[in-house]
Protein chains: 2
Amino acid sequence: MTKVPGAKSSLIAQRRGQARRSGDKDYQQRQAKLLKAAAKVFQEKGYRAAKIDDIAKAVGIDRASLYYYTSGKEELFQEAVREAALQNVRMVEEIRDEPGAPDDKLERFIVAVMQSYEEHYPYLFAYVQEDMAQIAGKRTRWAKEMSELSQRFNNALLSIIEEGYERGELDPAAGSPQVIALGVIGMCNWSHRWFKPGGAQSAATIGRSFARMVRDGLRRR
Amino acid sequence: MTKVPGAKSSLIAQRRGQARRSGDKDYQQRQAKLLKAAAKVFQEKGYRAAKIDDIAKAVGIDRASLYYYTSGKEELFQEAVREAALQNVRMVEEIRDEPGAPDDKLERFIVAVMQSYEEHYPYLFAYVQEDMAQIAGKRTRWAKEMSELSQRFNNALLSIIEEGYERGELDPAAGSPQVIALGVIGMCNWSHRWFKPGGAQSAATIGRSFARMVRDGLRRR
């Protein structure tokens, strides 16, 4: 694979910067299309194995044109993860804001999170495996955005648990909302070590088992 | 820091190998003492920051003598982790084999695991952060042993859940024993991202919250 030489690369970076600042709709649409194709390639091949040429091919442009839209694989991966994380945050905030019983919301939350890992497999898991604190420590704009999204995600779950405690539908004797939230998130996030789509159980089935345990416990009544 | 030159290092390695094969009780005791001191240094400083000199100092021997007992920091860390994991496996197998109700065993299991992370903080967490599959992929003797210990650990938890299902004390409608076990392990293991000893809640308190959620669920009755 030949590397784009520095001078040319810097010229392309300038043109990319100009195009981004211009707010051109056509450019934005093509960029969005590229991101979607990249996410699919990351999904199919994983981040490490995915090649920038695979992504260019998937979207039907040549490698040189691709650099007009992105600085490379890392940026595409970060954008794909950011997009998926943003979708997840909006989804759990919607669940929080819906009417209904907090324990139903908890179930929807857990099932939706498990399904998002299936939908964005494996690149969202690749992100989960990274230590968020380490990423946040990097102080890039992306790391800051991801840290904010992670905070909003946690807050949505906390709100659901707190609402349940306030309404008297969940039992505050269970523990502090923070610890319960960390337990629920842990249950879901640990799936990055073992869940693979197409296995014996779908993400939704696994999510429902987790949700049932969290809502009702394992003890037979 | 001066590196032990290759020739000398290989001579020490030979002497170390002879001493280990000899089964000398004195040697084994000093080795065990060194391991305990190393675990404490890993606990206090973390793996990366811990220096081989710190460990030698903690056990009161000089650096050169230390290499008579170990090849270095990596080996000491692996041994400390293996020792902690072995303790954990024995502990959860004991819980499995005790008489009593499966949901009580589940509670003891969860509390004990959380306490072990507190006791062996942070070096056991440093191991949890590593992807076990990657480690197992390395095919060293240590990786194989760790993979076996991990299997025994999972099996102990599976047995408790299956026993509960068979005795009718836990409700099989909750989900497959495998998925429930992975949820419980995930809840505990994810704590490597957020738990620090000396915080607002002890590991035992957090473990009891998790256990209560798993046994009884969050819904108020």
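Author: Copies of a chain are superposed by least squares on the C-alpha atoms of residues with pLDDT of at least 70 in both. This is a predicted model, in which local features need pLDDT of at least 70, side-chain atom pairs count only at pLDDT 80 or more, and totals for chains, interfaces and linings use all residues. Residues are numbered from 1 along each chain as its sequence is written, while chains are lettered from A and ligands numbered from 1 in the order in which they are written.

Reader: What turn and what shift lay chain A on chain B?

Author: A turn of 180° with a shift of 0.0 Å along the axis lays chain A on chain B, with an RMSD of 0.1 Å. This is therefore the relation of a two-fold axis. In chain A, the residue closest to the rotation axis is A:Gly217, at 1.8 Å (C-alpha).

Reader: How many residues does each chain give to the contact?

Author: Chain A gives 35 residues and chain B gives 35 residues, a contact being counted where C-beta atoms, placed from the backbone, lie within 7 Å. On the side of chain A that touches chain B, 14 residues are nonpolar, 11 polar and 10 charged.

Reader: Which residues make the contact of H11(A) with H10(B)?

Author: H11(A) brings A:Ile206, A:Ser209, A:Phe210 and A:Met213, and H10(B) brings B:Val179, B:Ile180 and B:Gly183. Five of these residues are nonpolar, two are polar and none is charged; Gly counts as polar.

Reader: At what angle do H11(A) and H10(B) pack?

Author: H11(A) and H10(B) pack at an angle of about 65°, with their axes 10 Å apart. Axes are lines fitted to C-alpha atoms, for helices over the stretch in contact, and angles run from 0 to 180 degrees between N-to-C directions.

Conventions
Contact = placed C-beta atoms within 7 Å. Helix = DSSP H or I, 4+ residues; strand = E, 2+ residues; numbered from the N terminus.
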